[in-house]
Amino acid sequence: MSEMNLDDLSNQYFDVLKELGNIGAGNATTALAQMLNSKVDMSVPQVRLLEFKDVGDLMGGADQIMAGIYLSVEGDINGSIMFLVGIQEARHLVNKLMMQDSESQEFTDIELSALKEVGNIITGSYLNSLSTMTSLKMIPSIPYVTVDMAGAILSVPAIEFGMMGDKILLIETQFFDEIKLSGYFILLPDLEGYKKILTSLGISNI
Amino acid sequence: MGQIIKVGMADLNICVSPDGITTLGLGSCVGIAIRDPVTKIGGLAHIMLPDSHEIRNSTNIPKFADTGINELIRQIVAKGAARDRLVAKIAGGAQMFAFQNTNSNMRVGDRNVAATLKTLKELNIRVLAQDTGDSYGRTVIFYPETGDFVIRAVGKPEKVI
């Protein structure tokens, strides 16, 4: 496996990623429930490998306004992780966390900070489960947040994927508390990182 | 009023007046609009990366500034535009997250803009206007009829360059 290209992923590899996504999102849901102090359910995550030009459509159009939380990852794996939710859902999470009832489309600094924390905890628990399964060290950076058009936010991971291939891999998870929350995880190890994750799980020939 | 043709990420297309052409949510990517003001044939490319030579798997032509712009011009000229009349406008190349400012490797928005300008200069195509950089996404609509390049951003008034 000297040269690896994300564009020709095997089914087995895809299944592994799906399972990783499933467990990671499960942990993230638990963390979210604890943070919000309420019951949160989760649907089975969908793992998707998409052409760049189709990415925006999945989220309801590349001009949909979303909140994106981005953390870079260091340690045994180098790369980044991103969590995206729609602006309505982000508003719902922030309101719940701050025990308020705002309907504003804009976020104050303190609300953005709360959003960062949500993203931090969700992605942190996601990484934790991945790290435990693979025995690989993954240290996330501080979270960075932006509220903007889906396409614009996604250009950041897409460009990173773009250096490796022509598709982007994302994991779609739906959470339910009072409302349905669709969240998207984009886990982005560099190519070396993919190899390490798979090797540590005992999968060598893909 | 014509149709509005959509261009995705790492994609390009051409259009003829009265149609317009759009790409949604440009972040660190750059949108390059080119037209021939006489025949009113134009097109739009949405490039992601500066240089096809830096990447090994570089067969995706519209993904890169260098190959994408060349292909866009080829298609516009093939449609009947005059090569020496072509002019360009560009937008995008933002740094979406604050960390991108600290790490020079991550300043891909700036690098995309620089590579776009360099390629256009090498091809002798005049850049009439640009709206690039900063930290927000842009949706752009280009009308080859007038050359208007409409730019929309979240929470900002629409502008035309």
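Which residue takes a positive phi in the hairpin of β4(B) and β5(B)? In this predicted model, the residue is B:Lys40, with a phi near 60°, in a hairpin that has four residues between its strands. The strands on either side of this turn are described next, followed by the fold of chain A, two of its helices, the contact between the chains and a single exposed residue of chain B.

Strand β4 of chain B covers residues 30-36 and is joined to β5(B) by seven bridges, with the two strands running antiparallel. Within this pairing, B:Gly31 has B:His46 of β5(B) as its bridge partner. Strand β2 of chain B, residues 11-16, also pairs with β5(B), again in the antiparallel sense, over six bridges. Here B:Leu12 is matched with B:Ala45 of β5(B). Strand β5(B) thus pairs with β4(B) and with β2(B).

Strand β5 of chain B, residues 41-47, is mostly covered, and seven of its seven residues are buried. In a regular strand, side chains alternate between the two faces of the sheet. In β5(B), B:Ile41, B:Gly43, B:Ala45 and B:Ile47 point one way, while B:Gly42, B:Leu44 and B:His46 point the other way. The residues of both sets are buried. The two bridge partners named above fall on opposite sides of this division: B:Ala45 belongs to the one set and B:His46 to the other.

Chain A contains six helices and eight strands. Read from the N terminus, its elements follow the order α-β-β-α-β-β-α-α-β-β-α-β-β-α. The C-alpha trace of the chain spans about 55 × 35 × 30 Å along its principal axes. A compact globule of 206 residues would have a radius of gyration near 17 Å, and the 16 Å of chain A agrees with this. Of the 206 residues, 42% count as buried. Among the contacts of chain A with a separation of 6 or more, 72% are between residues 24 or more positions apart.

Helix α4 of chain A runs over residues 109-134 and has 26 residues. The distance from its first C-alpha to its last is 37 Å, close to the 38 Å expected at 1.5 Å a residue. The buried residues of α4(A) include A:Glu111, A:Ala114, A:Leu115, A:Val118 and A:Gly119. Further along the helix, A:Ile122, A:Thr123, A:Ser125, A:Tyr126, A:Leu127 and A:Leu130 are also buried. Just after α4(A), A:Ser135 takes a positive phi of about 55°.

Helix α5 of chain A, residues 150-162, has 13 residues, which should span 18 Å at 1.5 Å a residue. Its end C-alpha atoms are 17 Å apart, in agreement with that expectation. A kink of about 40° is nevertheless found at A:Val156, shortly before the proline A:Pro157. The helix is mostly covered, with twelve of its 13 residues buried. Both A:Val156 and A:Pro157 are among the buried residues, as are A:Ile153, A:Leu154, A:Ile159 and A:Phe161.

The contact between the chains takes 29 residues from chain A and 27 residues from chain B. On the side of chain A that touches chain B, α2 (55-58), β3 (65-75), β6 (144-149) and α5 each supply at least two residues. The largest share, nine residues, comes from α5(A). By class, this side of chain A has 14 nonpolar, nine polar and six charged residues.

One residue of α5(A) illustrates the contact in detail. A:Ser155 lies in this helix and counts as buried because it has 34 C-beta neighbours inside 10 Å, where 20 or more are required. Leaving aside neighbours within four places in sequence, A:Ser155 is in contact with B:Met9, B:Gly27, B:Ser28, B:Cys29 and B:Met96. The C-alpha atom of A:Ser155 is separated by 12 Å from that of A:Met82, 73 residues apart along the chain.

A contrasting case is found in chain B. B:Glu158 is placed in the loop between β9 (148-152) and β10 (159-160). This residue counts as exposed because it has 10 C-beta neighbours inside 10 Å, and 12 or fewer mark an exposed residue. Not counting residues up to four places away in sequence, B:Glu158 touches B:Val150, B:Ile151 and B:Arg152. The C-alpha atoms of B:Glu158 and B:Thr139 are separated by 9.8 Å, with the two residues 19 apart along the chain.

Technical notes
Residues numbered from 1 in each chain as written. Chains lettered and ligands numbered in written order. Predicted model: local features only at pLDDT ≥ 70, side-chain atom pairs only at ≥ 80, totals over all residues. Contact = placed C-beta atoms within 7 Å. Rg over C-alpha atoms; globule rule 2.2 N^0.38 Å. Pairing = 2+ DSSP bridges. Expected span 1.5 Å × (residues − 1). Bend = angle between axes of the 7 residues up to and from the residue. Nonpolar A, V, L, I, M, F, W, Y, C, P; charged D, E, K, R; others polar.
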